[in-house]
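Please read the following account with the sequence and the model side by side. It goes from single loop residues to charged pairs and then to the ligand.

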Amino acid sequence: MADPSFLDWPFLDDAHRRLAAELEAWCESELLPFVDSGDLHDDLDASCRRLLGMLGAAGFTRYAVPAAYGGVHEALDVRSLCLIRMTLAYYSGLADFVFAMQGLGSGTISLFADDRIKARYLPGVAAGERCAAFALTEPESGSDVSATRTRAERDGDEWRIDGTKTYISNGGIADQYVVFARTGEAEGARGLSAFVVDADTPGLEVAERIDVIAPHPLATLEFNGCRVPAGNRLGDGGSGFKAAMATLDIFRPTVGAAALGFARRALDEATGRSRRRQLFGAPLHDLQLVQGMLGESALDIDASALLVFRAAWAKDRGQARITREAAMAKLYATESAQAVIDKAVQIFGGDGVLAGNKVEELYREIRALRIYEGASEVQKVVIARAHLAQAAEADG
Ligand code: COS
């Protein structure tokens, strides 16, 4: 079992410790039997719906939404989101994915929509009855959000949306999408707006399902004359870029938390292997090179946890922007989890690359986290800009 001592750190309070214990027990009694049943990837869409139902019935999806609309905390509690992602990821990448998308997919609504839209879309997300998605990326704009080409034009009391979104998680199974489109208030970043679009809106089609190394529902969406009511715009016209960034600020630490969950599992697997496996007449962990790998991994895991829970705590205690802290948490936790998992595969030797071995699964699961919600290179730019801004401010 992974080291639980981080739960005593001052970033967390008793409610978090209770949540961690409750979730751990649920994972052992409910999630693990489902994951171990082995048919998780036979019908991916059905598994995701089943996991969503399970997470909803257990009350965990309520953490993805504010209390006024069926959630647990008055505002999204980032430490709870991180704890949940970290724990689910330890047991199942797919379970973590399903939970994460309820938060990211509805986050812009929670933060920026008016009460009527919140009341319409959030309670179903909290209950695990409506599946949410976040549609930002396009074929020509991933890291450069200001290059978004999808357009939304006002036509009477509706918006008409045209364009293509790709790599959309939950694409094809979501009930609702938060979509970012160019509304033309200005060039670049200042001319985008966010909308919520029901999945069954005429003019919205799933053009293609996308297969990736760690399978989860992913699709390209086409918007062709897709009309939504004027009231489905989230926030002011032209505020879409900032809304996307503010949403990502909250969810980037949770990506770090998921990476932490994968890394914790990998270290547990590697530790078990190094204690069981005999080499040169002694347990594998007697070899100093193996100790070096275990030591570096344990260090990386604690450093990641410190950055993840520092970012989450800063947001929860009311810091207006955690852009820098969130970028550091995501960057460090995802990059170091990749290294921890790679070492675990190495410690397993040939068995580590066998299809079906847990460390082989983790090796595939971790890769996308260094890319989605802002690639590692973007996080470095964000951190450097914040650093330079601080330096300029200090100089007056
Ligand atoms: N919160 C609120 N506002 C923010 C913000 C944040 N986190 N980050 C930037 N802004 C504001 C800026 O303050 C600026 O406001 P003003 O126009 O009033 O000055 C505006 O947004 C534009 O910011 P900036 O000039 O930094 O925009 P860039 O186009 O240079 O964007 C990066 C830079 C690369 C950092 C940004 O596009 C990004 O994070 N890209 C990655 C996107 C991503 O995560 N994609 C994955 C899709 S989801 S899987």
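A residue is called buried when its relative accessible area is under 20%, exposed when that area is over 50%, and partly exposed in between. The model to which these terms are applied here is a predicted one. Val212 has a relative accessible area of 31%, so this residue is partly exposed. Val212 belongs to the loop between E6 and strand E7, the latter spanning residues 218-229. Although 156 residues separate Val212 from Ala368 in the sequence, the C-alpha atoms of these two residues are 9.1 Å apart in space.

A second loop residue offers a contrast in accessibility. Thr61 is found in the loop between H2 and helix H3, which covers residues 78-91, and with a relative accessibility of 0% Thr61 counts as buried. The side chain of Thr61 reaches the backbone oxygen of Ala126 at a distance of 2.7 Å.

Two further residues deserve attention for their backbone angles. Most residues other than glycine have a negative phi. Tyr167, which is not a glycine, nevertheless has a positive phi of about 55°; this residue is placed in strand E3, residues 158-169, and at 53% relative accessibility it counts as exposed. Phe280 likewise shows a positive phi, near 50°, in a residue other than glycine. Phe280 sits in the loop between strand E9 (278-279) and strand E10 (282-283), and its relative accessibility of 75% makes it count as exposed.

From the backbone we can turn to the charged side chains. How many salt bridges does a search of the whole structure find? The search finds 18 of them. In one of these, the side chains of Arg209 and Asp45 meet with an N to O distance of 2.7 Å. Arg209 lies in strand E6, residues 204-209, whereas Asp45 lies in helix H2, residues 44-57, and the pair therefore ties together parts that are 164 residues apart in sequence. The two partners fall into separate accessibility classes, since Arg209 is partly exposed at a relative accessible area of 38%, while Asp45, at 18%, counts as buried.

Another salt bridge joins Asp198 to Arg120, with the closest N and O atoms 3.1 Å apart. This pair also links distant parts of the chain, given that Asp198 is in strand E5 (residues 192-198) and Arg120 in helix H5 (residues 115-127), 78 residues apart. Here the acidic partner, Asp198, is buried with a relative accessible area of 14%, and Arg120 is partly exposed with one of 45%.

In a further pair, Lys343 forms a salt bridge with Glu296, and the closest N and O atoms are 3.4 Å apart. Lys343 in helix H8 (residues 323-348) and Glu296 in helix H7 (residues 288-316) are 47 residues apart, and this pair too links distant parts of the chain. In this case Lys343 counts as buried, at 16% relative accessibility, whereas Glu296 is partly exposed, with a relative accessible area of 45%. Beyond these pairs, Asp77, Arg79 and Asp316 are linked in a network of salt bridges.

The last part of the account concerns the ligand. It is surrounded by 22 residues, of which the closest are Ser143, Arg190, Lys242, Asp249 and Arg385. Several polar atoms can be located around it. A polar side-chain atom of Asp249 lies 2.8 Å from a nitrogen atom of the ligand, and a polar side-chain atom of Arg385 lies 2.7 Å from an oxygen atom of the ligand. A polar backbone atom of Gly374 is 2.9 Å from an oxygen atom of the ligand. Of the 1,000 Å² of accessible area that the ligand has on its own, the protein covers 73%.

Which elements give two or more residues to the shell around the ligand? They are helix H6 (240-276) and helix H10 (376-394), and H6 provides the largest share, seven residues. By residue class, the shell divides into nine nonpolar, six polar and seven charged residues. Why can the ligand be said to lie between domain 2 and domain 3? Domain 2 (133-238) and domain 3 (241-389) both give residues to the shell around the ligand, and the ligand therefore lies between them.

Note on methods: Residues are numbered from 1 along each chain as its sequence is written. This is a predicted model: local features need pLDDT of at least 70, side-chain atom pairs count only at pLDDT 80 or more; totals for chains, interfaces and linings use all residues. Side-chain values use heavy atoms; hydrogens and water are left out. A salt bridge is a side-chain nitrogen of Lys or Arg within 4 Å of a carboxyl oxygen of Asp or Glu. Helices (H or I, at least four residues) and strands (E, at least two) are DSSP runs, numbered from the N terminus. Buried means under 20% relative accessible area, exposed over 50%, partly exposed in between (1.4 Å probe, protein chains only). A residue is near a molecule or strand if one of its heavy atoms lies within 4 Å of it. A polar contact is a pair of N or O atoms within 3.5 Å; within protein, one must be able to donate a hydrogen and the other to accept it, and residues adjacent in sequence count only if both atoms are side-chain atoms. Accessible areas come from the Shrake-Rupley method with a 1.4 Å probe; for residues, only the protein chains shown count as cover. Ala, Val, Leu, Ile, Met, Phe, Trp, Tyr, Cys and Pro count as nonpolar, Asp, Glu, Lys and Arg as charged, and the others, Gly among them, as polar. Domain bounds come from an automatic or database domain assignment.
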